[in-house]
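Here's a quick walk through the inside of this protein and the charged pairs that go with it. Keep the structure open while you read.

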Amino acid sequence: VLKELERIIKDAFDDDALVITEETCAADIEGWDSLRQISIIAAVEDVFDIKLAISDTRNLKNIGSLVDLIVEKRK
């Protein structure tokens, strides 16, 4: 899941040099704003074939919490 998220985020920012870990948060990546967040969440929904509610994503702290959410939704 983390590898696929890394690809999604690199695509969203058009930056293959980004290093994404479970500890990475929005503040770590220059230009991560609410519009970018929406495009990342939309890509996550498409790639992982899941549906995320705004309430699901509102309290995400970092990429690790997004990984956990994806795993939970895929069950």
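## The nonpolar core

Let's start in the middle. The largest nonpolar core has 19 residues, and within it Ile9 and Val44 touch the most other members. Helices α1, α2 and α4 each supply at least two residues of this core, and α4 gives the largest share, with five residues. As background, nonpolar side chains tend to be buried together in soluble globular proteins. Keep in mind that this is a predicted model.

Ile9 is a handy residue to click on. Leaving aside residues up to four places away in sequence, Ile9 touches Leu18, Ile20, Ile29, Trp32, Ile40 and Ile63. Two of those names come back below: Trp32 is half of the aromatic pair, and Ile63 is one of the buried residues of α4.

## Helix α4 and its neighbours

Helix α4 covers residues 63-73, and its buried residues are Ile63, Gly64, Leu66, Val67, Leu69 and Ile70. What do they pack against? The buried residues of α4 pack against α1, α2 and α3, the last of these being residues 54-57.

Have a look at the start of α4 too. There, a side-chain oxygen of Asn62 comes to within 3.1 Å of the backbone nitrogen of Gly64. Gly64 itself is on the list of buried residues in this helix.

## One aromatic pair

How many aromatic pairs does the structure hold? Just one. The ring centres of Phe13 and Trp32 are 5.7 Å apart with the planes at 40 degrees, so the pair counts as tilted. For that label, the angle has to fall between the cut-offs of under 30 degrees for stacked and over 60 for edge-to-face.

The pair ties together distant parts of the chain: Phe13 belongs to helix α1 (residues 2-13), while Trp32 is in the loop between α1 and α2 (34-48), 19 residues apart. Buried or exposed? Phe13 and Trp32 are both buried.

## Salt bridges along α1

Now for the charges. The structure has five salt bridges, and a couple of them run along helix α1. In one, Lys10 bridges to Glu6, with the closest N and O atoms 3.7 Å apart. In another, Arg7 bridges to Asp11, and here the closest N and O atoms are 2.9 Å apart.

The spacing is worth a glance. Lys10 and Glu6 are four residues apart in α1, about one turn of the helix, and Arg7 and Asp11 are also four residues apart in α1. Why does that spacing suit a pairing? An α-helix has 3.6 residues a turn, so residues three or four places apart point the same way.

The surroundings of these two bridges are another matter. Lys10 is buried, at a relative accessible area of 17%, and Glu6 is buried as well, at 17%. Arg7, on the other hand, is partly exposed at 37%, and Asp11 is partly exposed at 49%. Arg7 and Asp11 also belong to a network of salt bridges that takes in Glu4.

## A bridge with one buried end

One more salt bridge to look up joins Glu45 and Lys51, with the closest N and O atoms 3.8 Å apart. Which end is buried, and which is exposed? Glu45 is buried, with a relative accessible area of 15%, whereas Lys51 is exposed, at 64%.

Key:
Residues are numbered from 1 along each chain as its sequence is written. This is a predicted model: local features need pLDDT of at least 70, side-chain atom pairs count only at pLDDT 80 or more; totals for chains, interfaces and linings use all residues. Side-chain values use heavy atoms; hydrogens and water are left out. Rings of Phe, Tyr and Trp (its six-membered ring) pair if their centres lie within 6.5 Å; planes under 30 degrees apart count as stacked, over 60 as edge-to-face and the rest as tilted. Buried means under 20% relative accessible area, exposed over 50%, partly exposed in between (1.4 Å probe, protein chains only). A salt bridge is a side-chain nitrogen of Lys or Arg within 4 Å of a carboxyl oxygen of Asp or Glu. Contact means heavy atoms within 4.5 Å. A polar contact is a pair of N or O atoms within 3.5 Å; within protein, one must be able to donate a hydrogen and the other to accept it, and residues adjacent in sequence count only if both atoms are side-chain atoms. A nonpolar core is a set of buried Ala, Val, Leu, Ile, Met, Phe, Trp, Tyr and Cys residues joined through side-chain atoms within 4.5 Å.
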